[in-house]
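Here are my notes on the model you passed along. I've kept them as numbered points so you can reply to each in turn.

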Amino acid sequence: DSDQGGLAWTYVETPVLYAVAPSIVSPSLDGSASVIGAHFVDSTDLTCYAGTTKVPARFVSESEIVCDVSEEDGPRVALSISINGQDRSNSLELEIAPRFVIHAASPSLIRPSTKSIEVRGAGFVASRAEALVCVLGDHITPVKYVSSSVVRCPVQGVVSSVKLCYEGLGC
């Protein structure tokens, strides 16, 4: 701390990042990432950076900041923090789950003999297909990736609705 000529300032160390949770963020959900580290200060200049883009930051404690990456497009982004508007922390990689849109599902009428539902949309990514799951009523099953615009959901039991989600990220 220093006081000189009526001006006061406090020296704070540059933040250090240790971990980010979750390691994969879904912009379709709230798009928030908790960053765990040291030397965090609640200041008016507190900012998260997704690569070179400034994104909103929320101070939680001296060891946690929450960054809003809901507007970021993946597949990955380097997350860092500044508490003074000048110096930045080290960066940590954060994976952004691809956004997808569902246009239609068929058949629209499910019979006991129906084995799968074809879901048409956009943004299904082959490299992330293993994390994509179908939620059919109370059943959660892995999708069968067909193309960037088609996936198939196996039918189990009585189905009244179909949702697609990234496993572990909620819907």
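1. One cut-off first, since several points lean on it: a residue is called buried under 20% relative accessible area, exposed over 50%, and partly exposed in between. By that rule His39, with a relative accessible area of 31%, is partly exposed. Please also keep in mind throughout that this is a predicted model.

2. Overall make-up. How many helices and strands does the protein chain have? The count is 0 helices and 18 strands. Of its 171 residues, 37% count as buried. Among contacts between residues at least 6 apart in sequence, 54% join residues at least 24 apart.

3. Overall shape. The C-alpha trace spans about 85 × 25 × 20 Å along its principal axes. The radius of gyration is 22 Å, whereas a compact globule of 171 residues would come in near 16 Å. I'd look at the model with those numbers in hand.

4. Surface and charge. About 9,800 Å² of the protein chain is exposed, and carbon and sulfur atoms supply 50% of that. There are 12 positive and 19 negative charges, and the mean positions of the two sets lie 20 Å apart.

5. Salt bridges. The structure holds 2 of them, and Glu118 takes part in a network with Arg120 and Arg152. As general background, side chains of opposite charge can pair when their charged atoms come close. In the bridge between Arg120 and Glu118, the closest N and O atoms are 2.8 Å apart. For Arg152 and Glu118 the corresponding figure is 3.2 Å. That second pair links distant parts of the chain: Arg152 belongs to strand 17 (residues 150-154) and Glu118 to strand 13 (residues 116-122), 34 residues apart.

6. Is the shared acid of that network, Glu118, buried or exposed? Glu118 has a relative accessible area of 16%, so it counts as buried. Its partners come out as partly exposed: Arg120 is at 42% relative accessibility, and Arg152 has a relative accessible area of 31%.

7. Glu95 is another acid to check. This residue is found in strand 11 (residues 92-96). Its relative accessible area is 19%, which makes Glu95 buried, because the cut-off for buried is under 20%. What does Glu95 touch, not counting residues up to four places away in sequence? The list is Ser23, Ile24, Val25, Pro75, Arg76 and Arg128.

8. Val66 sits in strand 9 (residues 64-68) and is buried, with a relative accessible area of 10%. Leaving aside neighbours within four places in sequence, Val66 is in contact with Ser32, Ala33, Ser34, Cys48, Pro56, Ala57, Arg58 and Val60. If you want a distance to check in the viewer, the C-alpha atoms of Val66 and Ala78 are separated by 15 Å, with the two positions 12 residues apart along the chain count.

9. Backbone oddities, part one: the peptide bonds. Most peptide bonds are trans, and most residues other than glycine have a negative phi. Which residues does a cis peptide bond join here? One such bond joins Ala21 and Pro22, with omega about -5 degrees; another joins Ser106 and Pro107, with omega about 5 degrees. Pro22 is found in the loop between strand 3 (16-21) and strand 4 (24-25). Pro107 lies in the loop between strand 12 (101-106) and strand 13.

10. Backbone oddities, part two: phi. His39 is a residue other than glycine with a positive phi, near 70 degrees. Where is His39 found? The answer is the loop between strand 5 (32-38) and strand 6 (47-50). As said at the top, His39 is partly exposed, with a relative accessible area of 31%.

11. Last, a loop position. Asp87 lies in the loop between strand 10 (76-82) and strand 11. Its relative accessible area is 40%, so Asp87 counts as partly exposed. Not counting residues up to four places away in sequence, Asp87 touches Thr14, Ile81 and Ser82. Asp87 and Gly6 are 81 residues apart in sequence, and their C-alpha atoms are 25 Å apart in space.

Key. Residues are numbered from 1 along each chain as its sequence is written. This is a predicted model: local features need pLDDT of at least 70, side-chain atom pairs count only at pLDDT 80 or more; totals for chains, interfaces and linings use all residues. Side-chain values use heavy atoms; hydrogens and water are left out. Helices (H or I, at least four residues) and strands (E, at least two) are DSSP runs, numbered from the N terminus. The radius of gyration is taken over C-alpha atoms; the globule rule is 2.2 Å times the number of residues to the power 0.38. Buried means under 20% relative accessible area, exposed over 50%, partly exposed in between (1.4 Å probe, protein chains only). Contact means heavy atoms within 4.5 Å. Accessible areas come from the Shrake-Rupley method with a 1.4 Å probe; for residues, only the protein chains shown count as cover. Lys and Arg count as positive and Asp and Glu as negative; His and the chain ends are not counted. The place of a charge is taken as NZ of Lys, CZ of Arg, CG of Asp or CD of Glu. A salt bridge is a side-chain nitrogen of Lys or Arg within 4 Å of a carboxyl oxygen of Asp or Glu.
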